[in-house]
Each structure stands twice: as structure tokens, then as C-alpha cells.
Amino acid sequence: QFQNAYTYHTRGAALFIEEDNFLIHVFLNEAERLLKEPEKMRAMRDSARAFYIEGSAARIAGDILSLA
């Protein structure tokens with residue numbers, strides 16, 4: 001989970017709050033800041049879309065089922 005979150009963060013697709021700093025006021029401040037920056041949210045959305053690989057869920061499911 002950490003590596004996935006950090007990768008999304010470094011590619012501009014997510015905010016990253018370390019577990020030790022994940023306090024409600026920190027989260028709410030970050031969420032409020034994002035809501036005030038629609039262009040940043042659009043950029044994050046576009047960056048997250050770049051991670052999408054068509055058919056990946058079916059491929060992963062197939063790999064898992066083949067192990068059973």
C-alpha cells in the first residue's frame with residue numbers, strides 16, 4: 001500500500017500523508033485545499049488516469065485463479 005500510494009503521489013495523482021501525520025485536521029485541511037484548487041484536482045485526475053491499463057483487473061483475477 002505504501003509503495004502504491006507513494007508512486008501515485010510522485011506522479012502527481014494523489015496527495016501523500018504519512019501514517020504518523022494522518023490526523024483528522026491534517027486530512028481535512030488537505031481536502032479543503034484541494035476543493036479550492038479545481039485545476040490541481042483535474043491534473044491529479046489526469047495523472048491517475050495514466051495508471052489505467054485496460055483489462056488489468058481481469059488479468060490479475062485470472063492470475064490469482066490460476067494459483068488456486
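**Salt bridges, aromatic pairs and overall form of a four-helix chain**

Glu-32 and Lys-36 form a salt bridge in which the closest N and O atoms are 3.3 Å apart; a salt bridge is here a side-chain nitrogen of Lys or Arg within 4 Å of a carboxyl oxygen of Asp or Glu. The structure is a predicted model, in which local features need pLDDT of at least 70 and side-chain atom pairs count only at pLDDT 80 or more, while totals for chains, interfaces and linings use all residues. Residues are numbered from 1 along each chain as its sequence is written, and side-chain values use heavy atoms, with hydrogens and water left out.

Accessibility was classed by relative accessible area, with buried meaning under 20%, exposed over 50% and partly exposed in between (1.4 Å probe, protein chains only). Glu-32 is partly exposed at 41%, whereas Lys-36 counts as exposed at 61%. A search of the whole structure finds five salt bridges. Among them is the contact between the side chains of Arg-33 and Glu-30, at 2.6 Å from N to O. These two residues are three apart in helix 2, and therefore about one helical turn separates Arg-33 from Glu-30. Helices (H or I, at least four residues) and strands (E, at least two) are DSSP runs, numbered from the N terminus. An α-helix has 3.6 residues a turn, so residues three or four places apart point the same way. Arg-33 also forms a salt bridge with Glu-37, where the closest N and O atoms are 3.5 Å apart. Glu-30, Arg-33 and Glu-37 are thus named as one network of salt bridges. Each member of this network has a relative accessibility in the partly exposed class: 22% for Glu-30, 33% for Arg-33 and 31% for Glu-37.

The aromatic side chains were examined next. Rings of Phe, Tyr and Trp (its six-membered ring) pair if their centres lie within 6.5 Å; planes under 30 degrees apart count as stacked, over 60 as edge-to-face and the rest as tilted. By this rule the count comes to five aromatic pairs. One of them joins Tyr-8 and Phe-51, which are stacked at 4.0 Å centre to centre with 10° between the planes. Tyr-8 belongs to helix 1 (residues 2–10) and Phe-51 to the loop between helix 3 (38–49) and helix 4 (56–67), so this pair ties together parts that are 43 residues apart in sequence. Tyr-8 is partly exposed at 32% relative accessibility, and Phe-51 is partly exposed at 22%. Another pair, Phe-22 and Phe-27, is tilted, with 5.7 Å from centre to centre and 55° between the planes. In addition, Phe-2, Tyr-6 and Phe-16 form one aromatic cluster.

Phe-22 and Phe-27 also take part in a nonpolar surface patch with Ile-24 and Leu-28, and the four together have about 420 Å² of accessible area. Patches are made of residues with over 30% relative accessible area and no salt bridge; like charges are joined within 9 Å, and nonpolar side chains (Val, Leu, Ile, Met, Phe, Trp, Tyr) within 5 Å. Accessible areas come from the Shrake-Rupley method with a 1.4 Å probe, and for residues only the protein chains shown count as cover. Within the patch, Phe-22 is partly exposed at 49%, Phe-27 at 38% and Leu-28 at 46%. Leu-28 lies in helix 2 (residues 24–35). His-25 is likewise placed in helix 2 and is partly exposed, with a relative accessible area of 46%. From His-25 to Ile-53 the separation is 28 residues in sequence and 34 Å in space, C-alpha to C-alpha.

The secondary structure of the chain comes to four helices and zero strands, and the elements run α-α-α-α from the N terminus on. The chain has a radius of gyration of 16 Å, well over the 11 Å that the globule rule gives for 68 residues, so it is more spread out than a compact globule. This radius is taken over C-alpha atoms, and the globule rule is 2.2 Å times the number of residues to the power 0.38. The C-alpha trace spans about 45 × 30 × 15 Å along its principal axes. Of the 68 residues, 4% count as buried.

Helix 4 has twelve residues and reaches 17 Å from its first C-alpha to its last, close to the 16 Å expected at 1.5 Å a residue; the expected span is 1.5 Å times one less than the number of residues. This helix is hardly covered, with a count of zero buried residues among its twelve.
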